[in-house]
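User: I would like to go through this model term by term, asking each time what a label rests on. Please set each value against its definition before concluding.

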Amino acid sequence: MPRRQVLGIGGALGLIAATGLSASAALSRRPPVTGAELRSAVPLPPAFQVPLPIPSVLAPVSTSGGADRYEITQREATVEILPGVRTSLWTYDGTFPGPTIESRRGRPIIVRHRNDLSVPTVVHLHGGRSPAASDGYPTDLVLPEDWPDAAHLTHAGDGEHGPEHGMPAMRDPRAVQTRLTRDYAFPLDQRPALLWYHDHRMDFTAPAIWRGLAGLQIVRDDAEDSLGLPAGRRELPLMIADRAFAADGSLDYPALDPTLRERPGVREPYLAGVLGDVILVNGAPWPVHDVDAARYRLRLLNASNARHYELEAVSDDGRRLDLVQIGADQGLLAAPVTHRRLPVAPAERYDVIVDFSRVPVGSRVRIVNRLGSGRTRDVMAFRVARKAADDSRIPRTLSNDLPTWRRSDAVRVRDFSFRAGRMRGDHGWLIDGLPFDPARSDVTVRIGDVEVWRLVADVHHPVHLHLVGFQVLSRGGRPPLPHDAGLKDTVSLRPGESAEIITRFDGYRGRYLFHCHNAEHEDMGMMANLEII
């Protein structure tokens, strides 16, 4: 097997295929990434020159009737990401990231999405406690106005031989499809947290997110507001994503079908995941942001398809600043946790405080990725511009509403494996040896039940559960790591690693998902159905 193909398959998977190493021997090497990197064909700007954009906040079109109503149009737009280069994107309301929705705990919102793109779409509010009808199931499509009738959309692809030749027919009798628009209703009966919304169309999630279909939603409440955390312009949402650019300035992506209409999948070197060589923060390449010499709240999201980060804040004189974690995927921790390096897998969110008060005015603090190399080692920079008063604080107690689940509360323990395998004669990514089938029932739980799930991986798999948050009980039979604190909805499994999580399946009945959030993996079969009855 050529070396290029070995590297393309990704990490330990490539080592096994190319050298005949046993799985345990290959996985013990724990490669820092799973996937292959695209190289941009346009000149890239120097780091820390482009100002950090802050996504606009979407205004509701109505606040009557006990709910806030929003409207978002999914459409193509041409924007300037790299200086002097025009790039066509699929967007929410013409921007990448899409507009931020600011919401309040317990205040319902309804978001009407209009699909003016050339392909069907699905919207999933990641981290939302949403009724099944609004969760964004992959076959609950919003069809473009001129798309063929809905019956055509009960399957993906038009071939018979797997990802290389199109996916075989896969009918879903429960799919609920609409044309042009769909209203998504979110009760927001959940803890304050940073959520994000993105496309979740079956077999085509990865290229749709890559092309720009991602945005932020923040849930707040009075208790969090009263803590005295950094706020206003000292609270920064930071969506981190990697991309690559073709010679004409378009986003490069190795899709088998660039129209994303019929044939899912990526070219063989990228089966394990697609990595870009440009790091974007809020849609800007390696940006810089002027800050006061004060505390800042950084609300971090890894919106990359497959790239993992290990973030570190480093001053010009080489000093590492503390990353004081105050929140996880599903909101505030019970108490702060201090890190020097913070691993962030695809779809994970971390809420951290960085104190710039002891950094000399005029100097910089770089956010670097210790898992990157070359240009992907840099993420962004902060330039300390001025001295300023700071009345913010980091309370010793952040919240007291975290669940207190115990192993003895669990009515059952389940085991799941996340591994590469064969899917209809070609490469796939499987849960318990099976590729996703929307018509198959994989896991059925009763509402209110507490369960322990034991997860094991071959290569990197960030495992995401829809609807519910969970707590990490252990990793490899040992206590969880410091960054596992709090309530999460995505857990990063490293190569060869196992983890135990505990959760209570409450909220709503209906059909949901759990899956790997390496977007290429989920498109190639690594999803399963979760039925709550």
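User: What makes S5 and strand S9 count as joined, and in which sense do they run?

Analyst: This is a predicted model, in which local features need pLDDT of at least 70 and side-chain atom pairs count only at pLDDT 80 or more, while totals for chains, interfaces and linings use all residues. Residues are numbered from 1 along each chain as its sequence is written, and side-chain values use heavy atoms, with hydrogens and water left out. Strands here are DSSP runs of E of at least two residues, numbered from the N terminus, and two of them pair if DSSP finds at least two bridges between them. Six bridges join S5 to strand S9 (residues 181-186), and the two run antiparallel; one of the bridge partnerships is that of Ile109 with Phe186 in S9.

User: How do you know that S5 also pairs with strand S2, and in which sense?

Analyst: Strand S2 (residues 68-80) is linked to S5 by seven bridges in the parallel sense, which meets the requirement of at least two bridges. Within this pairing, Ile72 has His113 of S5 as its bridge partner.

User: Why is strand S5 called mostly covered?

Analyst: A residue is buried under 20% relative accessible area, exposed over 50% and partly exposed in between, with a 1.4 Å probe and protein chains only. In strand S5 (residues 109-115), five of the seven residues are buried, hence the description as mostly covered.

User: What confidence does the predictor give the protein chain, and where is pLDDT below 50?

Analyst: pLDDT is the predictor's confidence in each residue, from 0 to 100, and the protein chain averages 92, with 90% of the residues scoring at least 70. Over residues 14-28 the pLDDT is below 50, although this stretch has 20 contacts in the model beyond near neighbours in sequence, a contact being heavy atoms within 4.5 Å. Residues 151-168 also stay under 50, with 54 contacts beyond four places in sequence. Where pLDDT is low, the predicted coordinates should not be read in detail.

User: Why do strands S15 and S21 count as edges of their sheet?

Analyst: The open sheet has seven strands in the order S15-S14-S12-S17-S23-S20-S21, with mixed pairing. Strand S15 (284-285) and strand S21 (331-339) each have a single partner strand, so one side of each is left without a neighbour in the sheet. Further in, strand S12 (residues 235-243) and strand S14 (residues 278-281) pair in the antiparallel sense over four bridges, and Ile240 has Val281 of S14 as its bridge partner.

User: Why is Arg349 called buried?

Analyst: Arg349, found in strand S23 (residues 349-355), has a relative accessible area of 1% and is therefore buried.

User: What makes the links of Arg349 to His126 and Asp489 polar contacts?

Analyst: A polar contact is a pair of N or O atoms within 3.5 Å; within protein, one must be able to donate a hydrogen and the other to accept it, and residues adjacent in sequence count only if both atoms are side-chain atoms. The side chains of Arg349 and His126 are joined by such a contact of 3.3 Å, and those of Arg349 and Asp489 by one of 2.8 Å. Arg349 also touches residues including Gly127 and Trp196; Gly127 is 222 residues away in sequence and 9.8 Å away in space, C-alpha to C-alpha.

User: Is Arg129 buried or exposed, and which side chain does its own side chain meet in a polar contact?

Analyst: Arg129 lies in the loop between strand S6 (123-126) and strand S7 (142-143). Its relative accessible area is 17%, so Arg129 counts as buried. The side chain of Arg129 makes a polar contact of 3.0 Å with the side chain of Asp506.

User: What is noted about the backbone of Phe48 and Asn282, and are these residues buried or exposed?

Analyst: Phi is near 65° for Phe48, a positive value in a residue other than glycine, and near 55° for Asn282, likewise positive in a residue other than glycine. Phe48 is buried because its relative accessibility is 8%, and Asn282 is buried with a relative accessible area of 2%.
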